[in-house]
Amino acid sequence: MVRVVVRVVGHAREFFPGGRDRFDLEFDGAARVADILTKLGVGRALVMTAVVGGRRRDLDHPLTDGDEVILMTPPSGG
Amino acid sequence: MASGKLYGYGGRILRVDLGTGAVRTEPTPESLAREYLGGRGFVAKILWDELPVGVEPFSAGNKVVIASGPMAGLFLPGSGKIEMGTKSPATGLYGEGNMGGHLAGELKFAGYDAVIIEGVSPKPCYVFIDDDRVEVRDASKYWGKGCFEAEKMLKEDLGEDFKVATIGPAGENLVVYAVVSHDFGRQVGRTGVGAVLGHMKVKAIAVRGSRGFEVADPAGVLKKGKEMYEACFAKPGFDEWTPYGTAGVTDWVNEICAFPTKNFQTGYYERHKAINGQTLKERICILDKGCTGCPIPCGKYSRFEFSGKTYYVEGPEYETIALMGGNLLLENIEDVAYVNYVADELGLDTISGGSVVAFTLECLEKGVLTPAEVGRELRWGDPEGVAWLLERIARREGIGDVLALGVKKAAERFGKGSERFAMHVKGLEVSGYESRYAPAMMLAYMTADIGAHHNRAWAITYDAAVGQDKTEGKAWKVIELQHIRPLFDALGLCRLQWVEIGFELSHYADMFPLVTGWEYSWEDLLKISERIWNLTRCFNKREKPDFGRVYDLPPLRWMEEPLPSGAGQGRCMPRDKAEKMLDEYYSLRGWDSNGLPTKGKLQELGLGFVLERLKLES
């Protein structure tokens, strides 16, 4: 079991379920950051960067039990 | 609190008549403040009320309105935005831009909510404001200087505590995309406000204020402001977004095929990583630079070497990376920073300037222009060539004299099919989002009041959320954003805390009554924003009797040329689809089929006074 806390950043969190900015998710077995998006029903285009353990990671990065994952939605360009 | 007292406001409107040198103040009308808030609302209403119909932008009848807002200059995040507006020389329509820095608060500290600059000075001047002491002073020693140089000189002459805004040679020479510059790197960039000041012979505005202004609940404002700052610091994106600022979005925009590349020929630039936010941070950024009250300073102040010299510039931020980076095929961040510096010192908008240079390069590529006509061989990816052309434009020399009019008019002069790649809507050059694979963003560009500017409705994440191929069902989102985002411009606030790190809008709604004492809900405030939106639409109709649907069409390139490559390959927006998007948009707005507000809509919004002027039918 892999349990992670997901924080969503940016105004585009309105496109995440319930417009929430925090999700506590569980996965049976191995999971990647991309699996978070699948579980939440959110397209990859809505995530600009993932930060795991304070470091920027790509969507194929494997999750570890207890990870906090920050999903940066696209900021505006000005 | 006393009836009629305005809390959150400086309390006065300053009027400066350059023709006579006369200066007078009048109380800020409570009805204006209650119904239009400030900032963009004041600009729109004052221009509607005071400009003669059909006034020429470069004439003594035009005015420049500078307005702060009730939530500027306060202890709360993003409290530093000021608006400037005029009849635009670029479009002949409503013109307005905003900027951060420190002018918005300083103006209110001096006791003013707005400055209305009228007439034409007989010689170069600057407007000096030091609380109640207001003078039109001689600016001959500053005239001809770059924006930064003039600001530095004025601060040396007047004192560091003056907040100064300047125009550069581009404004002095009436380039229709000349900016007003402030704080060595902030600009009112769009629609040519700098050019109108140049026509007025106003080189600068210098403000110092010590009076302060009152808020309705000072303890409440302090408490809520502290809460707002702590909420910002606690946002998980706070540490992630700030290091890169707006430039951080560069890679993502390329991934969704929306990055202006080679005059919007495509939406993906292969060298985008060499000019993105990370590269900016690693190679040239030396410090973060922010505006009044900002906890997430988006300004990235940079030091870099170019041709053996050291330069400093605030930036490049995303729009410049797009329009002067990918759009010109510049290959590294130092090259982009250099042309950014050149444009800033000359006082040219990097968005329109980048678009004009790209248009010229494509004209050369397609044989519309020859190198002899341009005056030099120019090629894509050449920063020195870009700098050379920007100088020609700012000085109105050679081909620069026509290019100073913007891509729409330049294309009309050059002909030979160049209108097919003149990237503008309503005469204002498109900003940083190639939108053939982003229909909501395209609709935002089509319907923005000032022309193709993204700040009214940054709708591209909605495209990412619901599908980039979908064209139906997106108008409601564009309209929602067109009410929320410009509301910040009426309040005197920066929206980046909300947009970039997801700061909740409810904070601003809670703060507003503490500042003003008015129990306006967020919905009340959005209604005012909708009122302003409809007013500027009517201003455009008033100034151009044929104004309507045809002004809302996208650039020909977007209607006729499918994207050749990338994730959006094959997409474009044929005219019939663009018109269908407009049908949906107009219907939701309560406008008629030509895109004009109906009588019912105007009355609903308290804009009945517009009806007489426009004689609109229901």
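In this predicted model, H2(B) packs against helix H23 (residues 522-543) of chain B at an angle of about 35°, and 10 Å lies between the two axes. The crossing turns out to be left-handed. On the H2(B) side, the residues that do the touching are Arg40(B), Gly41(B), Ala44(B), Lys45(B), Leu47(B) and Trp48(B), and they meet Ile528(B), Ile532(B), Leu535(B), Thr536(B) and Phe539(B) of H23(B). Sorted by class, this contact comes out as seven nonpolar, two polar and two charged residues.

To place this pair in the chain, it helps to bring in the domains. The domain assignment splits chain B into domain 1 (12-208), domain 2 (240-429) and domain 3, the last of these in two pieces (439-502 + 520-614). Measured by position rather than sequence, the centres of domain 1 of chain B and domain 3 of chain B sit 27 Å apart over C-alpha atoms. Domain 1 of chain B puts 37 residues into the contact, and domain 3 of chain B puts in 24. Four elements of chain B each bring at least two residues to the domain 1 side: helix H1 (30-36), helix H2 (40-50), strand S4 (82-87) and strand S5 (94-99). H2(B) has the largest share here, with six residues. As for the make-up of that side of domain 1 of chain B, 13 residues are nonpolar, 16 are polar and eight are charged.Within domain 3's stretch of the sequence, two further helix pairs share H20(B). Helix H20 (residues 475-491) of chain B and helix H25 (residues 575-589) of chain B meet at an angle of about 55°, their axes being 9 Å apart. That angle is why H20(B) and H25(B) count as oblique to each other. H20(B) goes past H25(B) in a right-handed crossing. From H20(B), the contact uses Ala475(B), Trp476(B), Val478(B) and Ile479(B), while H25(B) offers Met581(B), Glu584(B), Tyr585(B), Leu588(B) and Arg589(B). Seven of the residues in this contact are nonpolar, none is polar and two are charged.

The other partner of H20(B) is helix H18 (residues 439-447) of chain B, again with an angle of about 55° and axes 9 Å apart. H18(B) and H20(B) are therefore oblique to each other, and their crossing is right-handed. Here Ala440(B), Leu443(B), Ala444(B) and Thr447(B) of H18(B) come up against Ala475(B), Lys477(B) and Val478(B) of H20(B). The contact divides into five nonpolar residues, one polar and one charged. Ala475(B) and Val478(B) thus turn up in the contact of H20(B) with H25(B) and again in that of H20(B) with H18(B).

Two backbone details in chain B are worth a look. The peptide bond that runs from Gly315(B) to Pro316(B) is cis, its omega being near 0°. Pro316(B) belongs to the loop that links strand S15 (309-314) to H11 of chain B. The other detail is Lys201(B), which is not a glycine but still has a positive phi of about 70°. Lys201(B) lies in the loop between helix H6 (193-200) and strand S12 (202-208) of chain B.

Taken as a whole, chain B holds 27 helices and 17 strands. Its C-alpha trace extends over about 65 × 55 × 50 Å along the principal axes. For 618 residues, a compact globule would be expected to have a radius of gyration near 25 Å, and the 23 Å of chain B agrees with that.

Chain A has one helix and five strands, arranged along the sequence as β-β-α-β-β-β. The C-alpha trace of chain A spans about 40 × 25 × 15 Å along its principal axes. A compact globule of 78 residues would have a radius of gyration near 12 Å, and chain A, at 12 Å, agrees.

As for how the two chains meet, 25 residues of chain B touch 21 residues of chain A. On the chain B side, the elements that give two or more residues are helix H8 (238-241), helix H9 (250-255), helix H11 (318-325), helix H19 (460-466) and helix H21 (496-501). H21(B) contributes the most to that side, namely four residues. By class, the side of chain B that touches chain A consists of 14 nonpolar, six polar and five charged residues. H11(B), one of the elements on this side, is also the helix that follows the loop with Pro316(B).

Terms used: Residues are numbered from 1 along each chain as its sequence is written. Chains are lettered from A and ligands numbered from 1 in the order in which they are written. This is a predicted model: local features need pLDDT of at least 70, side-chain atom pairs count only at pLDDT 80 or more; totals for chains, interfaces and linings use all residues. Domain bounds come from an automatic or database domain assignment. Two residues are in contact if their C-beta atoms, placed from the backbone, lie within 7 Å. Ala, Val, Leu, Ile, Met, Phe, Trp, Tyr, Cys and Pro count as nonpolar, Asp, Glu, Lys and Arg as charged, and the others, Gly among them, as polar. Axes are lines fitted to C-alpha atoms, for helices over the stretch in contact, and angles run from 0 to 180 degrees between N-to-C directions. Angles under 35 degrees count as roughly parallel, over 145 as roughly antiparallel, 65 to 115 as roughly perpendicular and the rest as oblique. A crossing is left-handed if the near helix is turned anticlockwise from the far one by less than a right angle, and right-handed if clockwise. The radius of gyration is taken over C-alpha atoms; the globule rule is 2.2 Å times the number of residues to the power 0.38.
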